[in-house]
Amino acid sequence: MNIATLHIITTLGNGGAESVLYRLCIQNPEQHEVICLTDSRKYGPLLSTAGVRVHTLDMPRGKITPAGLLRLWKLIRQIRPTVIQTWMYHADLLGGVIGRLAGNQAIFWNIRHTDLVPDKSRRSTIMVAKICALLSRWMPHKIVCCAERATATHAAMGYDPSRMVVIGNGCDLSRFTPDVAGGKKIRDELGIPENVPLLGYVARCHPLKDHNTLLAAFALIRRTWAGVRLLLVGPGMVAENSELKAMIMQYSLGGTVLLAGPRTDIPAVMSALDLHVMSSVSEGFPNVLAEAMACGTPCVTTDVGDAALIVGDTGWVVPANAPSALAAAILSALVERNNGHVWNKRKCAARMRIEERFSLASMISAYRAVWQTANASKSK
C-alpha cells in the first residue's frame, strides 16, 4: 500500500496544529495517514470517522520509548509514503530521524511556534527545538512555518532559512460563518441580553495564553463600562480551575466572567460575541483569530506570531503583557460598537479578509505545492 502523505504528530489533543492537520487530511482522506507519538485524544477519533487511518504509539508525554521508536520505523516501512510531513518539534525530530532510517528522503517539518518563552515553555521542548536547529541543514527537505515571524525567530535559533516556506493556516469558511440564530442561542443560554456587550476568548488554559493579562485589562474596563461581560471558552475554563478562579477573585470580577469550558459549537460562540480578545504572549498562526473573523466578529489581539497579519486593519493590535494597552483597545472597540453602521462595516471587512487571504482551499494548495518539490528534486 502506498499512501501519498504520512503525517507524524506529537499529540492529537485540542490544539491549533492538530486542527490544521485534521482540516488538511479530511479533504482527501484516502491520500493521508497519521501516526501520533502519544494517544488519540480529540482528533484521533475524528480523523478515523472521516476515513483517515490513525496509528498511536502511546509513548508517555515527554518520554521516548524503544518500543515506540521501533513501531514508528516499522509503520513507515509498511506504509511506504511518498512524503512524510511532521508536526511540532518532537515529531520533527523523531519523525525525521526514524523516517530517514526507514529510507524516506522526502521529509517535511512543520514549525508551529514563532518563539519559545523560557519561563512558559517546557525546557524539554526548547532543548528539542535546539537539536532540530542543528539537524535542519540536512534532515528535512523543506520546513513549513505557519507564520512569517516564525521564519526569522527560528533562523536566529540556527534553523536553515533556505529550507523554510510559510503556509498560513486555512479557515473552513463553510463552517465558520456568521450565525445569528446560533449566537442568540448562546446568549440565551448564558443569560446575556443582546444589548449587553460580550467579550470572549477561546483558548485552553496555558501560561502562553496569558489569561491573567486579559483579566487585568477586563478589570480596568469594568471601571468605566460596568455592564460588559467576559466569556472564557476552552479546556480548563471551568469553575473547578482553582488557579483561574483565584485570578478572577484577585481582580474582583466574580459574576462578570463566564466560564464555559470546552465546546464544540465554536462558530455559534464566535457569533454570540461582540468582540474576540486574544491575550497570548506567544503564538504561531492563531487559528482563533481567523475563526472569529470568519464569523464576522472583530478582534483585539496581542502582537504575537502572525496575529497582526491576520487581523490587518479590521481589528486592534497591542503589545503582549500590557493590560492597560489591551484595555484601551477594547474600550475603543466598545465605543465603535455603538455606531451600528461603522461596526457592521468592520464585521464585514473581517469576514472578507479571511475569505481573500486565509481560506482552507488556499492552504491545501500550498501544502500540495510544497510536497511536489520533493518529486521535482528527484527528477533533476
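**Exercise 1.** In which loop is the place of N321?

*Solution.* Keep in mind that you're looking at a predicted model. Find β13 (316–318) and α13 (323–337); N321 sits in the loop between β13 and α13. Next, check the backbone: N321 isn't a glycine, yet its phi is positive, about 55°. Finally, look at the surroundings: its relative accessible area is 56%, and since exposed means over 50%, N321 is exposed.

**Exercise 2.** Work out whether R41 is buried, partly exposed or exposed.

*Solution.* Start with the location: R41 belongs to the loop between β2 (32–36) and α2 (43–49). R41 is another non-glycine with a positive phi, of about 45°. Its relative accessible area is 48%, so R41 counts as partly exposed.

**Exercise 3.** Take α14 (340–357) and find what its buried residues pack against.

*Solution.* First, check the length: 18 residues at 1.5 Å each should span 26 Å, and the end C-alpha atoms are indeed 26 Å apart. Then pick out the buried residues: W343, R346, A350, R351, R353 and I354. They share one side of α14, because their arc around the axis is only 155°. This buried set packs against β11 (275–278), α11 (287–294), α12 (307–311), β13 and α13. On the face turned away from them you'll find exposed H341, K345, C348 and E356.

**Exercise 4.** Describe the lining of the second largest pocket.

*Solution.* Begin with the space inside, about 570 Å³. Now the wall: 23 residues line the pocket, with V180, E194, S271, D274 and K347 nearest its centre. Sort the lining by class and you get eight nonpolar, six polar and nine charged residues. Helices α7, α10 and α14 each contribute at least two of the lining residues.

Notes:
Residues numbered from 1 in each chain as written. Predicted model: local features only at pLDDT ≥ 70, side-chain atom pairs only at ≥ 80, totals over all residues. Heavy atoms only, no water. 1 Å grid on protein atoms, 1.4 Å probe; cavity = no way out; pocket = protein on both sides within 12 Å on 5 of 7 lines; lining within 4 Å. Points joined across faces, edges and corners; volume = space filled by probe spheres on them. Helix = DSSP H or I, 4+ residues; strand = E, 2+ residues; numbered from the N terminus. Nonpolar A, V, L, I, M, F, W, Y, C, P; charged D, E, K, R; others polar. Expected span 1.5 Å × (residues − 1). Buried < 20%, exposed > 50% of the residue type's maximum accessible area, 1.4 Å probe, protein only. Arc of directions from axis to C-beta. Contact = heavy atoms within 4.5 Å.
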